[in-house]
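Hi everyone, and thanks for making the time. I'd like to walk you through a structure that may be new to most of you, so let's put it up on the screen.

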Amino acid sequence: MPGSAPLSAPQKALRKLGLSRDIDLALHLPMRWEDETRITALRDAREGELAQIEGTVTGSEVAFRPRRQLVVTLDDGTDTCQLRFFSFYPSQQKAMAIGTRLRARGELRGGLFGWQLVHPTCRPAHDPLPKALTPVYPTVAALPQAYLRKAVAAGLARADLSDTFAPGLAQSLGLAPGWSLRESLAFLHHPSPEVPMALLEDRSHPAWQRLKAEELLAQQLSQLVTKRERDALRAPALLAQPGGLHEQLLAALPFQRTQAQCRVGEEIASDLARAVPMHRLLQGDVGSGKTVVAALAAAIAIDAGWQCALMAPTEILAEQHFRKLIGWLEPLLAPRALRVAWLTGSQKKKERAEMLEQIACGAAALVVGTHAVIQEQVQFPRLALAIIDEQHRFGVAQRLALRAKMQAQEQEPHLLMMSATPIPRTLAMSYYADLDVSTIDELPPGRTPVLTKVIAESRRAEVVERIRAQVAQGRQVYWVCPLIEESEALDLSNATATHEALSAALPGVAVGLLHSRMPTAQKKSVMAQFESGETGVLVSTTVIEVGVDVPNASLMVIEHAERFGLSQLHQLRGRVGRGAAASACVLLYAPGEQGRVGETARARLKAMAETNDGFEIARRDLDIRGPGEFLGARQSGAPLLRFADLQEDRALLEAVRAAAPRLLDRHPELAQRHLARWLGGKSEYLKA
Ligand code: ADP
Ligand code: MG
């Protein structure tokens, strides 16, 4: 802004914390409170007590043992206390000269020399005692607590806190009467010392309940608004034609769809038939057969004369995932003079130019690839359906870019996102409330449950024996190592070393190696050798994460399993148990320095050993990691819940969720004000 003074460091820090408006400051609530309303007489003090004392300075000297320090003696008439400062300014020393009346606050220690306070907070005794508890706000180094307190107090005084809850809403949510937003905020910033600290700290006080309800309402409203905005957009209505591509593809499939696949297929088809963009998440455990469902959706779009884009997070995944699909579709497209185009980062210029040309002229009905698909040069004249595999590995910006591919025509493509990491119900109700969800809750027949064993690294030799036995029976084995990039720093055994060791330990067995630093062509040939059964064991970094489909593989060994995330482990495990043979997953763990595996790592390994159910895994993952980690890219830039807790406040969440549409319908102006107040400019991100 011209003419305005440059921001000071604390002002910049305020901005960074997102505290730019008065209301932001008012909603910045304390993380704890200090009781400065009382003076404790030293005579009545208890060891270890956080106390505020007041007295006259009777001694002040700089001592040098054991190190340089200022020692001030304070006499409150009942006893004396030594205040010790290991760093101090001359001005502080002056302010605590003999004869001064001083108030000091800190944790009291008793001992040989009587009461002590180390680095207490001090202030002149003539300051009036506060009537309320003193708030301690979450802050950063550049923003002193005192500055922040003043800023929050000023924001609280100036902010518009008029009620946005329609009459009766608070009651219908089960909130205690008398706690409006204004009252709740005034109270939480400066609670009366009579309130039991526990009610404040466990956030069960009615004022907290009100804040949580407000926050949850903002979240529900913003998703509702997003959903309604989307419902107002136009997309091509795509109808499956009798005898069309959809039916032809069904007939060409080498298997019958499971009931679950049929059901979600119908859900998707009925979305596609509407002239409103689909926004659906297809979730299903690893191996549940999402790709077929996606292919059938693509067939509907293509049959109707439109283009379809399929995106996967990495090249190898894109290829692995879609090769079969293309194998099925391509013969059906050829008679219609349509083809499949590939777009990847590693493509030669000439090939790429050719692909772009085919896409631009509409000859490529199906476009498969990585992020390359959403780059600017890629022009889809008729994109009607975008399918994103492993959606959680794409960022919000990328999803927005994909949707923007059709906006020139005042239409949006239908969007189908696929994920093997199911969203736990609490998250689905909160962060993903704007999303329609289809779930494949059934595996194709003939799969055998995978037996999971957690085994210490010290028993590696036994594991190698097991591999030998599997290979002797004509089975194949995966051995997964953590990423090479990390191993340099963390001293993990890397894939190369493991490959050598296994090759040496298993004479006569062909052991392949696949890692992230290999050129793509080499990766592909290693994969091909494993798929054809030429190699019996495949050592790899997580590049195989979700992409391989070798039904003959019956053993999965994951080295340093303690370093992997839960959903990652679950996905890796999903690579075995695809055939009829009994399959196993061995989680090798290496105890850390203290001879133990960390608590969360242990919880992950335990979850893996106890369940094969992707939903249960996801639920536990949420418990272990919390929603912040879980949401990943979806929430970058959008606010996480600060006050409400999805597990603890589930009942409130359900009530708010039920009430939100009513508020939006009957009191749109209140809803708008509520959203502006709570989300400011941050709601954009929820639209992706
Ligand atoms: P994911 O959900 O993990 O993406 P895929 O779509 O890759 O699963 O399917 C896993 C394997 O199961 C593939 O080989 C696929 O061809 C096969 N498959 C899918 N649906 C069925 C079915 N109904 N019956 C038999 N095999 C199926
Ligand atoms: Mg898949």
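Before we start, one term: two strands count as paired if DSSP finds at least two bridges between them. Please also keep in mind that this is a predicted model.

With that term in hand, look at strand 20, residues 553-558, and strand 21, residues 583-589. The two run parallel and are joined by 4 bridges. Within this pair, Leu555 sits opposite Ala584 of strand 21.

Now let's step back to the sheet that holds them. It is an open sheet of 6 strands, ordered 16-21-20-17-19-18, and the pairing is parallel. Which strands stand at the edges? They are strand 16 (450-456) and strand 18 (511-514); each has a single partner strand, so one side of each lacks a neighbour in the sheet. From one strand to the next, the twist averages 15°.

There is another sheet to show you. This one is also open and has 6 strands, in the order 6-4-3-2-5-7, but here the pairing is mixed. At its edges you find strand 6 (115-118) and strand 7 (121-124), and because each has a single partner strand, one side of each is left without a neighbour in the sheet. Ignoring direction, neighbouring strands of this sheet are turned by 40° against each other on average.

Inside that sheet, strand 3 (residues 69-75) pairs with strand 4 (residues 80-85) in the antiparallel sense, over 6 bridges. If you want a spot to find on screen, take Leu70: its bridge partner in strand 4 is Phe85. As a general reminder, strands of a sheet pair through backbone hydrogen bonds, either parallel or antiparallel.

How does the chain divide up overall? The domain assignment gives domain 1 (38-124), domain 2 (245-440) and domain 3 (450-611). Taken over C-alpha atoms, the centres of domain 1 and domain 3 are 61 Å apart.

Finally, let's turn to the ligand. How many residues surround ligand 1? There are 19, and the closest are Gly287, Lys290, Thr291, Lys324 and Asp549. By class, this shell has 5 nonpolar, 7 polar and 7 charged residues.

Let me point out some individual contacts. A backbone N or O atom of Gly287 is 2.6 Å from an oxygen atom of ligand 1. At Gly289, a polar backbone atom lies 3.1 Å from an oxygen atom of the ligand. Thr291 uses its side chain, with a polar atom 2.8 Å from a ligand oxygen atom. On its own, ligand 1 exposes 560 Å², and the protein buries 85% of that.

Two elements give two or more residues to the shell, helix 11 (290-303) and helix 12 (315-333). Helix 11 gives the most, with 3 residues.

That's my tour, and I'm happy to take questions.

Definitions and conventions:
Residues numbered from 1 in each chain as written. Chains lettered and ligands numbered in written order. Predicted model: local features only at pLDDT ≥ 70, side-chain atom pairs only at ≥ 80, totals over all residues. Heavy atoms only, no water. Near = heavy atom within 4 Å. Polar contact = N/O pair within 3.5 Å; in protein donor to acceptor, adjacent residues only side chain to side chain. Areas by Shrake-Rupley, 256 points an atom, 1.4 Å probe, with all protein chains shown as cover. Nonpolar A, V, L, I, M, F, W, Y, C, P; charged D, E, K, R; others polar. Domains from an automatic or database assignment. Axes fitted to C-alpha atoms, helices over the stretch in contact; angles between N-to-C directions.
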